[in-house]
Amino acid sequence: MGDAARPARKAVAMARLSVFAIAALPLLAALPVMAAPCPSPKDIQVAEVNRAFVQERHIKGLSKPLVSRGELQADAERIIWHMKDPFDVKTVITSDGITESVSGGPAQPVGAGAGELGASVARSAAALMRGQWDELSSLFNVSSPSTLESGEWEVLLTPLNERMQQAVGDIEVTGCADVERIEIGGEGSGDRHVITFANAEPGQ
Amino acid sequence: MTLPRWPALLIAAGVLAALFFSASRIAGSVDTDIMSLLPADTHDGVLAAAVKRANEAASNRVSFAIEGGSVEARQAAREELAGALSATGWFRADDEEGEAVWAYLFANRASFLCERDRALLEAGEGAAIAADALRQWYGPSSLGFGGLVARDPLLLTNRLAGCVLSVAPRAATGGAEILSGRIRGSVYRLDVQDDVARAVKSWRETWAPRGLTLARGGALFHAAHGAAQARFEVSLIGSVTLAALLLLYWLMFRSFRAPVLALTMVASALVTGLAVTLLVFGSVHVMALVFGAALIGMIVDYTTYYLVTGLGDRPGTRAERRRRLLRPLTVGMATSVGAFAALLVFPVPAFQQVALFGMAGLAMAWAGTIWLVPLIEGGSVVTGPGAARIAVIADKGLARAPHPAWGAVLAAMALLAAFAGWRYGAVLDDVRGLQKPSPILAAEEARLRELTGFAPSTAFLLVRGDTAEAAIRNEEALIGRLAEDDRKAILLAASRIDPSAQRRAHDEALIRTHLLGPHLRAFIATLGAGDAGAYSGARETAEMPALVQSLRGETGGTFWSILPVSAPIALPVATAEDARASWSMVEPVALYTGLFGDYRRLATLAVAGALLATALLLVLIERRVGALRALIPALIAVLATPPLVMALGIPFSFFSAMGLFLVVGAGVDYAIFQREAADANSRWTRVGIVLAALMTCISVGLLGFSSVLPVRSFGVTVAVGIFLSLVLSPLARLGGPAGSNRGAGW
C-alpha cells in the first residue's frame with residue numbers, strides 16, 4: 001500500500017486518539033470556578049457543565065478555518081456536544097457508545113470509523129466523566145498551572161500515549177474562573193483546533 | 001532348544017526408533033479439540049470445510065476485560081497485557097487488524113459502496129452523502145481528519161468502515177478495559193496455550209495485587225483447561241495403574257523383574273502406538289492418548305499371560321512356555337486387532353487414530369511377549385501369595401463349564417436388558433452436554449458478554465458458487481434479497497469488503513455519476529479545499545485483509561463463503577435470476593448433535609461388525625464353527641453393559657459405543673484363554689485371566705472419575721464390560737466337561 005496508506009493510517013490513529021482530547025473537554029471546562037481573581041484550576045470539582053462554545057478548526061489544506069458554534073453539556077453519565085451552527089448536530093457520548101442526531105432527528109448510532117472510534121470515545125468519556133482530576137492525569141501529563149501576563153492560568157496537557165502525541169500534539173488550556181480557551185494540536189498534524197467557551201445563554 | 005535372538009533385537013531396535021520418532025514429533029502435536037472427534041462429513045465436503053473454517057475463526061478469537069483499580073491502572077495494564085501477548089508471537093490485537101482493514105478500504109474508497117449508500121446513489125441522492133460529510137468535518141469526531149482533505153474529503157472511507165465493522169463489539173465499557181484479538185495458530189496447540197497462559201499469569205502476578213481483575217474469553221482458554229485436565233488425568237491414571245501393577249505383580253510372582261518387564265512392554269507398546277499414529281496422521285488426539293492409558297490394561301495382559309506360564313510346579317523351559325502361549329495369544333491379538341480395525345471405517349480422524357494406536361500397540365505387545373519377554377524374564381518368577389489366592393478364587397468361580405441352559409438364560413437376560421436400555425435408557429448426543437466448561441471460565445465469559453454486549457454465535461450462512469466470482473455474486477444476491485432486519489444479523493460478509501467485479505463496476509459508476517461528478521467540486525469549494533482531484537489519481541492498491549480470506553474457501557472445485565450471523569435467519573428462496581445461487585443456514589451445534597447421534601448409531605453397528613469380524617477370524621483360524629463359543633461371553637457382555645452403565649446414571653453416547661470395542665477385544669481374549677485352560681497349567685491360566693481383567697478394570701475404571709463425560713463414559717463402559725466378560729468367560733467352554741476343556745479345539 002505504501003504511501004497511499006499513510007494518510008489513512010494517520011487519520012485512523014488521529015481519529016482514534018483524538019477522542020481522548022474531546023473527552024477531556026468537559027472536565028477542563030468544569031475545572032475552575034473558585035476564588036477570584038484566578039483560582040488554581042485543580043481546586044474545583046464541578047458535577048455538571050453547561051457551556052457555549054465556538055470552535056475553529058484550522059486544517060492543513062483548507063483555505064479557511066471551519067467555524068462552528070454550539071453548546072457543551074456534561075454530567076457524570078454523558079457528554080453532549082451540540083453543534084448548532086452551521087449545522088444542527090447533537091452528538092451524545094456515553095459509556096455505551098455514541099449517537100448522533102441531525103436537525104432534531106432520531107438519534108442514530110455512530111458507525112463511521114467503525115465501532116472502534118465510538119468505543120474509544122466512550123472509553124475515555126466513561127473515565128473522565130467521573131469528574132476526577134486523577135482520571136485526566138491518566139491520559140495526559142498535566143503541567144503545573146502557569147500564570148499568564150493577563151493573570152489567567154494556563155495548563156499544558158501532553159498526551160501520555162506516544163502516538164497520540166505525534167498525531168494530535170499538546171493541548172493548551174487557559175482560563176481564569178472558568179476554562180476559556182482550549183487549543184489542540186499544532187506540531188504533530190499541522191492542524192490546529194481552538195475552542196473558546198462562554199457561559200451558556202438560555203435559549204442559545 | 002534355544003530361542004533365536006535376532007527377532008528380539010529387531011523388536012528392541014523398532015521400539016527405540018519409535019521412541020526417538022515420538023519424542024521428536026510429540027511437541028505441539030496433541031490435539032485437544034473435541035470437535036476433532038467429529039467426522040469430516042463425507043456427504044458434503046463443502047459443508048464440512050465451512051464448519052471447520054467457522055470453528056477456526058470463532059475459536060481463534062480471544063478477549064479480555066480488565067476491571068478494578070483506577071482508569072490509569074487499567075489502561076497501563078491493558079497496554080502491558082497487549083504487549084506481553086503480542087510478544088508471544090501468537091496474538092494479533094484487533095487494533096492492528098482494524099488498521100489493515102482501514103488501509104484496504106481507503107485504497108478502495110471510490111470503488112465500492114455500502115448497501116445503504118448504494119441505495120442512496122441509485123436514488124440519485126448523492127447530495128445526502130456530501131451533506132453528511134460536511135457535517136462530519138465540523139463535528140467533534142473529525143479532529144484527526146486533516147490528512148483526508150486531499151485524499152478523501154467526502155470521507156468515503158469512514159462510511160465504508162461504518163458498514164463493514166458496524167457490529168464490532170464495544171472496545172470498552174462500564175469502567176472496564178477490553179482487549180480483543182486473534183490467535184495466529186491453532187488454539188489447541190499446547191505450546192500456544194502455554195505461551196499465552198504464561199503471559200496471562202505474569203500479568204496477574206503484576207496487577208492482581210493492585211486490585212485489578214481479568215476476565216478471559218475464547219476457546220483457547222477452554223482448550224488449555226481441557227488439556228491441563230487431560231494431562232492430569234492421563235498422568236493420574238497412568239501412575240495409579242503402574243502402582244497397582246507393581247503391587248499386584250509382586251504379590252503374584254514375587255519378582256521385581258516381572259513388573260519391570262511388564263512396564264517395559266507397556267512402554268514399548270504405547271510408544272509404538274504413538275509413533276505409528278504420529279507417522280500416519282502427523283498429530284495425535286488427546287482421546288487417543290487417554291485410550292492409550294486405557295490400553296495399558298490390555299497390553300499388560302500379554303506379559304501376564306506369559307508370566308503365568310512360569311507358575312506352578314512344572315513350568316517348563318522358555319521355549320516350551322512360549323510355545324504354549326503362541327497360539328492363544330496370536331489368536332487373541334488377531335481378533336483384537338480385527339475388532340479395532342473396524343474403527344478404521346469411521347471418517348473421524350481421532351477414532352482412526354485410536355484404532356491405529358490400539359492395533360500397533362497390541363501388535364507390538366504381542367511381538368514383544370513372544371520374542372522379547374522370554375529372553376529377558378529368564379525364569380525368575382515364582383508362585384506368590386497373590387497367585388495362590390487368586391488361583392483358589394478362580395478355581396471356584398471360573399473353572400467349571402456351565403450347563404448350556406445357563407448360557408441361554410444369560411443371553412436372554414442380556415437381550416432383555418439391551419432392549420430395555422434401547423427403549424428406556426438415556427442417550428446423549430448434544431455436543432453441549434458432552435463437554436462441561438470450567439465454571440471459572442464460564443463466569444469470566446459471562447462477565448465479558450455483560451460488559452461488551454457481544455454474544456458470539458456459531459451460526460453462519462454458507463454460500464456456494466462454481467467459481468470464486470460466482471460465489472461472491474451469490475453472496476451479494478443473498479444479502480440483497482434479505483429483509484433489513486435479517487441483513488443486520490449478518491456480522492461479517494466478505495463481499496462487503498471485496499465485492500464482485502460486476503458490483504465493483506456498478507458502484508464505481510454510481511460514485512462517479514451520482515456523487516463525484518455532480519457534487520465533489522461544489523463540496524470542496526464549500527469546505528475550502530483547493531483541489532477536486534482527490535479521487536482521480538492512479539488506482540490505489542492495498543493488501544486484502546486477512547479477514548476476507550478467513551471467510552472464503554474452495555473445496556473440490558466449489559467456491560464458498562461463510563457469513564457469521566448473530567442469530568439464525570430465514571433465507572429467501574432462490575429465484576430464476578439467481579438460479580445457480582446456493583445458500584443455506586448452518587447451525588454447527590445442531591449439526592454436531594445430529595452427527596453425534598448418527599455416529600452413536602453407526603458405532604453401535606460397528607461393534608456388531610467387530611463381533612462379526614472376530615467371529616470370522618475365529619472360524620478361519622479354527623476352521624470349525626465350534627470356535628464361535630469363544631464369542632459368547634463378549635457378546636453377552638456387549639449386550640448387557642450399556643443398560644447397566646445407563647442404570648449407573650451415565651447416558652449412552654458415541655463414546656460408550658467406542659468403549660465396547662475394548663470389551664470385544666479383551667472379552668474374546670479371556671474366552672480364548674479359558675478354552676485353552678485344559679492342561680496341567682490350567683489353573684494358572686485362569687489366574688492370568690483374572691489378573692488381566694483386574695488390571696484392565698483398575699486402569700480403565702479410573703477413567704470413570706474423569707471430569708470429561710466422553711472419557712468417563714468410555715471408562716465405565718469398559719470396566720463394566722470387562723468385568724462381565726471375566727465372570728462370563730466360563731461360557732466359552734459351554735458343552736465341554738467341567739475342568740477339562742481341551743475338546744474346544746486349541
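**Exercise 1. Which residues of α17(B) are buried?**

Before we start, some ground rules: this is a predicted model, where local features need pLDDT of at least 70, side-chain atom pairs count only at pLDDT 80 or more, and totals for chains, interfaces and linings use all residues. Residues are numbered from 1 along each chain as its sequence is written, while chains are lettered from A and ligands numbered from 1 in the order in which they are written.

*Step 1.* Get the terms straight. Helices (H or I, at least four residues) and strands (E, at least two) are DSSP runs, numbered from the N terminus. A residue counts as buried if 20 or more other C-beta atoms lie within 10 Å of its own, exposed if 12 or fewer, and partly exposed in between, with C-beta atoms placed from the backbone.

*Step 2.* Pick them out: E445(B), L448(B), L451(B) and T452(B) are the buried residues of α17(B).

*Step 3.* Look down the axis. Those buried residues of α17(B) fall within an arc of 120 degrees, so they line one face of the helix. (The arc is that of the directions from the helix axis to the C-beta atoms.)

*Step 4.* Flip to the other side of α17(B), and you find P439(B), A442(B), A443(B) and A446(B) exposed.

**Exercise 2. Check the length of α14(B), then sort out its two sides.**

*Step 1.* The expected span is 1.5 Å times one less than the number of residues. For the 13 residues of α14 (residues 385-397) of chain B that should give 18 Å, and the end C-alpha atoms are indeed 18 Å apart.

*Step 2.* Buried in α14(B) are A387(B), I390(B), A391(B) and A394(B). They cover an arc of only 110 degrees around the axis, which puts them on the same side of α14(B).

*Step 3.* Why does that spacing work? An α-helix has 3.6 residues a turn, so residues three or four places apart point the same way.

*Step 4.* Turned away from the buried side of α14(B) is a face with the exposed residues P385(B), V392(B), I393(B) and K396(B).

**Exercise 3. Find what the buried residues of α2(B) pack against.**

*Step 1.* Helix α2 (residues 45-59) of chain B has 15 residues and should span 21 Å, which agrees with its end C-alpha atoms being 21 Å apart.

*Step 2.* Its buried residues include V46(B), A49(B), R53(B) and S59(B).

*Step 3.* The buried residues of α2(B) pack against several elements of chain B, among them α9 (219-253), β10 (558-564) and α23 (588-622).

**Exercise 4. Describe the largest nonpolar core and a second one.**

*Step 1.* A nonpolar core is a set of buried Ala, Val, Leu, Ile, Met, Phe, Trp, Tyr and Cys residues joined through C-beta atoms within 7 Å.

*Step 2.* The largest has 175 residues, and I299(B) and V664(B) have the most contacts inside it. Helix α13 (residues 349-377) of chain B gives the largest share, 17 residues.

*Step 3.* A separate second core of 83 residues includes F53(A), A54(B), L547(B) and F559(B).

**Exercise 5. Place W366(B) in its surroundings.**

*Step 1.* W366(B) sits in helix α13 of chain B. It is buried because 22 other C-beta atoms lie within 10 Å.

*Step 2.* Leaving out residues up to four places away in sequence, W366(B) touches Y302(B), L329(B), T330(B) and M333(B). Touching here means being in contact, with C-beta atoms, placed from the backbone, within 7 Å.

Notes
Contact = placed C-beta atoms within 7 Å.
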